[in-house]
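Work through these exercises with the model open. Try each task before you read its solution.

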Amino acid sequence: MSNVTPFKSPQSTPLPELLALHRTTKSQITQLQGQLADVEAQILTQVISKPEGSVTTLTPDFKVTTTGKMYRKVDEGKLTAVRKEVSRSIFNKLFPAKHSVVKKELDYLANNEPEIYASVAGAITTTPGKTAIKIEVL
């Protein structure tokens, strides 16, 4: 079974026109994002910033706030040793458990174990995401 949806009749603007417009617009966005990155790099040479946290710079016409970010990833292999070295309280504050839903298992419960599914479904909030559109030139 294919996931490819057949071409639908145009609603208002013909699909080939929309696809061409989408392609042109994405190209313009990419170009503008490059220009914006260059401008931001130049701005950062003229204002105060720090690796982590916010700094505000005032000019006669603008208020510029820079916010440095640092991303941290836990090395799961070393975490077991750390757990033995610090108190449970400190460990749990630094590394709280983060629960996530395994969709395949949730679908299984929904289809095969409706009673169990009903009991866990209340703990799960589902919100729709943005539908991605990928267009390839053929």
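**Exercise 1: A residue in the first helix**

Gln28 lies in helix α1, which spans residues 15-44. The model is predicted.

Task: Decide whether Gln28 is buried, partly exposed or exposed, and find how far its C-alpha atom is from that of Val86.

Solution. Step one: take the relative accessibility of Gln28, which is 43%. Step two: apply the cut-offs, where buried is under 20% and exposed is over 50%. Gln28 therefore counts as partly exposed. Step three: go to Val86, 58 residues away from Gln28 along the chain. The two C-alpha atoms are 52 Å apart.

**Exercise 2: Helix α2 and its cap**

Task: State how many residues of helix α2 are buried, and which residue caps its N-terminal end.

Solution. Step one: locate α2 at residues 76-85. Step two: count the buried residues among its 10 residues; the count is one. The helix is hardly covered. Step three: look at the N-terminal end of α2, where Asp75 is the cap. A side-chain oxygen of Asp75 sits 3.0 Å from the backbone nitrogen of Gly77.

**Exercise 3: Two threonines in strands**

Task: Place Thr57 and Thr66 in their strands, then classify the burial of Thr57 and of Thr66.

Solution. Step one: Thr57 belongs to strand β1, residues 53-58. Thr66 belongs to strand β2, residues 63-68. Step two: the relative accessibility of Thr57 is 16%, so Thr57 counts as buried. For Thr66 the value is 10%, so Thr66 counts as buried. Step three: list contacts, leaving out residues up to four places away in sequence. Thr57 touches Val47, Ile48, Phe62, Lys63 and Val64. The contacts of Thr66 include Leu44, Val47, Ile48 and Val55. Step four: check for a polar contact. The Thr66 side chain reaches the backbone oxygen of Ile48 at 3.1 Å.

**Exercise 4: A helix pair**

Task: Describe how α4 and α5 pack, and what angle their axes make.

Solution. Two packed helices are described by the angle between their axes and the distance between them. Step one: α4 (residues 103-112) and α5 (residues 114-121) pack at about 130°, with axes 6 Å apart. That angle makes α4 oblique to α5. Step two: the crossing of α4 past α5 is left-handed. Step three: name the residues that meet. From α4 come Leu106, Leu109, Ala110 and Asn112; from α5 come Pro114, Ile116, Tyr117 and Val120. Step four: sort these contact residues by type. Seven are nonpolar, one is polar and none is charged.

Note on methods:
Residues are numbered from 1 along each chain as its sequence is written. This is a predicted model: local features need pLDDT of at least 70, side-chain atom pairs count only at pLDDT 80 or more; totals for chains, interfaces and linings use all residues. Side-chain values use heavy atoms; hydrogens and water are left out. Helices (H or I, at least four residues) and strands (E, at least two) are DSSP runs, numbered from the N terminus. Buried means under 20% relative accessible area, exposed over 50%, partly exposed in between (1.4 Å probe, protein chains only). A polar contact is a pair of N or O atoms within 3.5 Å; within protein, one must be able to donate a hydrogen and the other to accept it, and residues adjacent in sequence count only if both atoms are side-chain atoms. Contact means heavy atoms within 4.5 Å. Axes are lines fitted to C-alpha atoms, for helices over the stretch in contact, and angles run from 0 to 180 degrees between N-to-C directions. Angles under 35 degrees count as roughly parallel, over 145 as roughly antiparallel, 65 to 115 as roughly perpendicular and the rest as oblique. A crossing is left-handed if the near helix is turned anticlockwise from the far one by less than a right angle, and right-handed if clockwise. Ala, Val, Leu, Ile, Met, Phe, Trp, Tyr, Cys and Pro count as nonpolar, Asp, Glu, Lys and Arg as charged, and the others, Gly among them, as polar.
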